[in-house]
Amino acid sequence: MGRLIVVSNRVAPTQEGRPAAGGLAVGVLDALKETGGVWFGWSGETVAEPAPAVIEQQGSVTYATVGLTRRDYDQYYKGFSNTTLWPTFHYRNDLARYERQEYGGYLRVNVALARQLQPLIEPDDIIWVHDYHLIPFARCLRDLGVKNPIGFFLHIPLPVPEVLRSVPPHEELMKFMCHYDVVGFQTDADRQAFVDYIERGGHGNASEDGMVHAWDRFLKVGAYPIGIYPDAIAKASGQFSDRKPVRSLRDAMRGRKLIMSVDRLDYSKGLAERFQAFERLLQNGPGWHGRVSLLQIAPPTRSDVQTYQTIRRNLEGEAGRINGRFAQLDWTPIQYLNRKYERNLLMGLFRLADVGYVAPLRDGMNLVAKEYVASQDPDDPGVLVLSQFAGAAEQMPGALVVNPYDLNQTAEALERALSMPLAERRSRYEDMMAGLRKNNLSVWRDTFLDDLRSVATAASVTAKARSAAPAAGAPSSASVPAPVPSPAAKAKAG
Ligand code: GDG
């Protein structure tokens, strides 16, 4: 088996060989260790001049990181990736801005990163590219003559074609996607959005086995919902439930109920609506005054992007207003904390919470929903209230699913969760844990990589059959993906 090369915008910072724990980091690092390989991407540093990749070997894994110049960072990362693609893909066209120059920077950085990776690629490697920052990456590698199998996974939603078309270079971006051998989405709805774009735009068609033929390319397209390791999280939450910060919070609650949310501070997470639905609970149910608190942990991200500064100010205003309206001398309804906590401690805090409140306005998957459930005490589990617009809603039948724009419905779900009898809580928890175990993080990774390997094998078998018997007997392209020459090879052939 060849090595795995993972490419992501950020390479998770390593600490004695262990990256910061998050879905992508944990999942891909395991696979990298098994097969050996390379993790390539931005170091997170801005540099005065572009420089060759910094290579660091840890066991069988090579970390290769590069810095970005200020201009690259502004145009590629802050600009097109996070001010055009991120808001639009989360259905916030109102917050999106498109600048042609920034798109130019996005393409330039993709080309530059591909050039830096290319010398590290060996013939048997397979390459797995992650997320919206790197949509053109396969095309850039193909232009450099790279023939290895290349897969792409989009961690965020793909919007329906009508919304996607508001990004001016939408067609070029979708064409770039077709240069991958396998394209993976979080949910079936995202996969369908891609197929609709291709088919309704007259760019190609999809067959039932998940193969898409578009712009002279064949690729496999599928839904690969990202998971977690629920048993590892359950263990950590049990161990941390007695740590001092968790004990202090338990003592401070003095028997009150706790609703808990953890999100990066991002407008896609619907934090203002979340506060307002909690306000509605207090407004409609005076019996809850002094008996329930909302703990919102929201570490700031992308704080140099204007819209993130605005949302931060708004939320501070909302939390202050609601607390001002309802607080009593010995009770603060909303505890809003703008800081990051250690991961295992978060899991311990989740275990203490009666309700996990996960209400994004749009989310590719949302790992917090899964982590909250996995952290629960099986004998006395809490209840998950989950937005219908999180990818996780397709997978978590035991959650109370809400429309986060409907404040009354969300407030009613919170009330129901806070009052739910133990037997129902247990049964919902068990259903969800079974699903989390069945579709854990290894399943996500292995299903994707198996598909990438088999599409690549099918393509190479077809190529060999064609070169052995070019006139007759080659399998039909309807059943076996045809190898498609890279743009570089096409140019040579033409
Ligand atoms: C993207 C997609 C998709 C949060 N606060 C702290 C902390 N976290 C951890 C959580 C969780 C992760 O960060 C957040 O993951 P999410 O899935 O909830 O959301 P995004 O960051 O937007 O991730 C998303 C994901 O990619 C994976 O494909 O699910 O839809 O948007 O693991 O626990 N971790 C620590 N301290 C914190 O304060 N240590």
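Let's start with a strand pair: β13 (residues 257-262) and β14 (residues 292-297) run parallel to each other and share six bridges. Within that pairing, Met260 has Leu295 of β14 as its bridge partner. Keep in mind that this is a predicted model. From here, the tour takes in the sheet around that pair, then another sheet, and then the ligand.

**The sheet with β13 and β14**

- This open sheet has six strands, lined up as β15-β14-β13-β16-β17-β18, and the pairing is parallel.
- At the edges you'll find β15 (334-337) and β18 (400-402); each has a single partner strand, so one side of each has no neighbour in the sheet.
- Going from one strand to the next, the twist averages 20°.
- As background, the strands of a sheet pair through backbone hydrogen bonds, and they can do so parallel or antiparallel.

**The ten-stranded sheet**

- Here the strands follow the order β5-β6-β4-β1-β7-β8-β9-β12-β11-β10, in an open sheet with mixed pairing.
- The edge strands are β5 (54-58) and β10 (204-206), and each of them pairs on one side only.
- The twist in this sheet averages 20° from one strand to the next.
- For a parallel pair, look at β9 (residues 182-185) and β12 (residues 217-223), which are joined by four bridges.
- In that pair, Val183 sits opposite Val221 of β12.
- For an antiparallel pair, go to β5 and β6 (residues 61-69), which are linked by five bridges.
- Glu56 has Tyr63 of β6 as its bridge partner.
- β5 and β6 form a hairpin with two residues between the strands, and Gly59 in this hairpin adopts a positive phi near 60°.

**Who surrounds the ligand**

- The ligand has 20 residues around it, and the ones that come nearest are His155, Tyr341, Asp363, Leu367 and Glu371.
- Sorted by character, the shell holds nine nonpolar, four polar and seven charged residues.
- Both domain 1 (4-226 + 442-493) and domain 2 (230-438) supply at least three residues each to the shell.

**Polar contacts and cover**

- Asp363 places a polar side-chain atom 2.5 Å from a ligand oxygen atom.
- Gly364 reaches a ligand oxygen atom with its backbone instead: an N or O atom there lies 3.0 Å away.
- Asn366 also has a backbone N or O atom by a ligand oxygen atom, at 2.9 Å.
- On its own the ligand would expose 730 Å², and the protein buries 87% of that.
- Two elements give two or more residues to the shell, namely α12 (343-352) and α13 (367-374).
- The most generous is α13, which contributes three residues to the shell around the ligand.

**Before you move on**

- Which strands stand at the edges of the six-stranded parallel sheet? They are β15 and β18, each with a single partner strand.
- Which element gives the most to the shell around the ligand? That's α13, with three residues.

Conventions. Residues numbered from 1 in each chain as written. Predicted model: local features only at pLDDT ≥ 70, side-chain atom pairs only at ≥ 80, totals over all residues. Heavy atoms only, no water. Near = heavy atom within 4 Å. Polar contact = N/O pair within 3.5 Å; in protein donor to acceptor, adjacent residues only side chain to side chain. Areas by Shrake-Rupley, 256 points an atom, 1.4 Å probe, with all protein chains shown as cover. Nonpolar A, V, L, I, M, F, W, Y, C, P; charged D, E, K, R; others polar. Domains from an automatic or database assignment. Pairing = 2+ DSSP bridges. Axes fitted to C-alpha atoms, helices over the stretch in contact; angles between N-to-C directions.
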